[in-house]
Amino acid sequence: MRMSKIVRTGANLLYPFILIFGLYVIMHGHLTPGGGFQGGAVVATAAALVIVAYSYEEVTGMLKKTAMKARESIGLLLFIGAGIAALAVGAPFFYNFLANSGLLFGMPVPAGPNPGDLNTAGVIPIMNIAVGIEVWGGLAVILLYMLSGIRKEES
Amino acid sequence: MRKILTAIIFVVLATGLCAIPAFLAFGEPAASEMDQYFIGHGQSEAAANNIVTSIVFDYRGFDTLGESVVLFTAVVGVGLMFRSMKGGKEQ
């Protein structure tokens, strides 16, 4: 069942902004309140909005279940990979080997209050992105599965 | 008898619960060395301004791995419950 044209237009307008806000929360997890789980939930809210506004048949072309499953698995693998990469360097599992190293996300942070630099915190932003992708895919898959179950009941 | 005993136990427990603030000062937990360590060294060790994130993803990253696996398992469970099979192929 699809909603009225007003709801669909509003969903079309809001969809990119919700995505951008969620990705901002994920990307700035090591500087501002929030992080992977919270930002992933915000991004999944965009999927929920589209699913509510449109019917299941129209949504399946836009939000593919296989792509969301792949996102979830890739997120978890990236998270575990970031932990195993520390083993390859010679540090303990989940050691933050990129912090203060000068490489990717490796800038040192001055002590005390400071405006914040995105290029800091070592492994933490990579794990934030991984968890964000995983939560996005996972919650969207749950919503799509439940919606397909409802459609099955109606027909 | 049973009711009276229940009432007495309830009164004792409620009194104890109300008496806790009299013995413990607010904002001063018994063991705070760990908190002070995180606050003092979090910025220099994990190089992140958000100390909550540095605890969740760096100091206790293994715990977060468990959270992620729990979410993954929940999605797999929902998929098993709501999947509709037809002729051996997922619909």
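Two residues are taken to be in contact if their C-beta atoms, placed from the backbone, lie within 7 Å. On that basis, 36 residues of chain A are in contact with 23 residues of chain B. This is a predicted model, where local features need pLDDT of at least 70, side-chain atom pairs count only at pLDDT 80 or more, and totals for chains, interfaces and linings use all residues. Residues are numbered from 1 along each chain as its sequence is written, while chains are lettered from A and ligands numbered from 1 in the order in which they are written.

As for scores, the model comes in at ipTM 0.78 and pTM 0.76. Chain B has a mean pLDDT (the predictor's confidence in each residue, from 0 to 100) of 81, with 88% of its residues at 70 or more. Within chain B, helix α1 (residues 2-23) has the highest confidence, a mean of 88, and strand β1 (residues 85-86) the lowest, at 54. Where pLDDT is low, the predicted coordinates should not be read in detail.

Chain B contains four helices and two strands (DSSP runs numbered from the N terminus, H or I over at least four residues for helices and E over at least two for strands). Along the sequence they come in the order α-α-α-α-β-β. Of the 91 residues of chain B, 20% are buried, that is, they have 20 or more other C-beta atoms within 10 Å of their own (12 or fewer would be exposed, anything in between partly exposed; C-beta atoms are placed from the backbone).

Back at the interface, α4 (65-89) and α5 (123-154) of chain A each supply at least two residues of the side of chain A that touches chain B. The largest share, 14 residues, comes from α5(A). By class, this side of chain A has 18 nonpolar, 15 polar and three charged residues (Ala, Val, Leu, Ile, Met, Phe, Trp, Tyr, Cys and Pro are nonpolar, Asp, Glu, Lys and Arg charged, and the others, Gly among them, polar).

The largest nonpolar core, a set of buried Ala, Val, Leu, Ile, Met, Phe, Trp, Tyr and Cys residues joined through C-beta atoms within 7 Å, has 45 residues. Helices α1, α2, α4 and α5 of chain A, together with α3 and α4 (61-82) of chain B, each supply at least two of its residues. Again α5(A) stands out, giving the most to this core with 15 residues. A:Met127 and A:Ala140 have the most contacts inside the core. Leaving aside residues up to four places away in sequence, A:Met127 touches A:Gly36, A:Phe79, A:Ala82, B:Phe57 and B:Gly61.

Next, the helix pairs. In chain A, α1 (residues 5-27) and α2 (residues 36-53) pack at an angle of about 170° with their axes 8 Å apart (axes are lines fitted to C-alpha atoms, for helices over the stretch in contact, and angles run from 0 to 180 degrees between N-to-C directions). That makes α1(A) roughly antiparallel to α2(A), the word for angles over 145 degrees. The residues of this contact divide into 16 nonpolar, six polar and one charged.

In chain B, α2 (residues 33-46) and α3 (residues 51-59) pack at about 70°, with axes 10 Å apart, so α2(B) is roughly perpendicular to α3(B) (65 to 115 degrees). B:Phe38, B:Ile39, B:Gly42 and B:Ala46 of α2(B) meet B:Ile51, B:Ser54, B:Ile55 and B:Asp58 of α3(B).

Key
Parallel < 35°, antiparallel > 145°, perpendicular 65-115°, else oblique.
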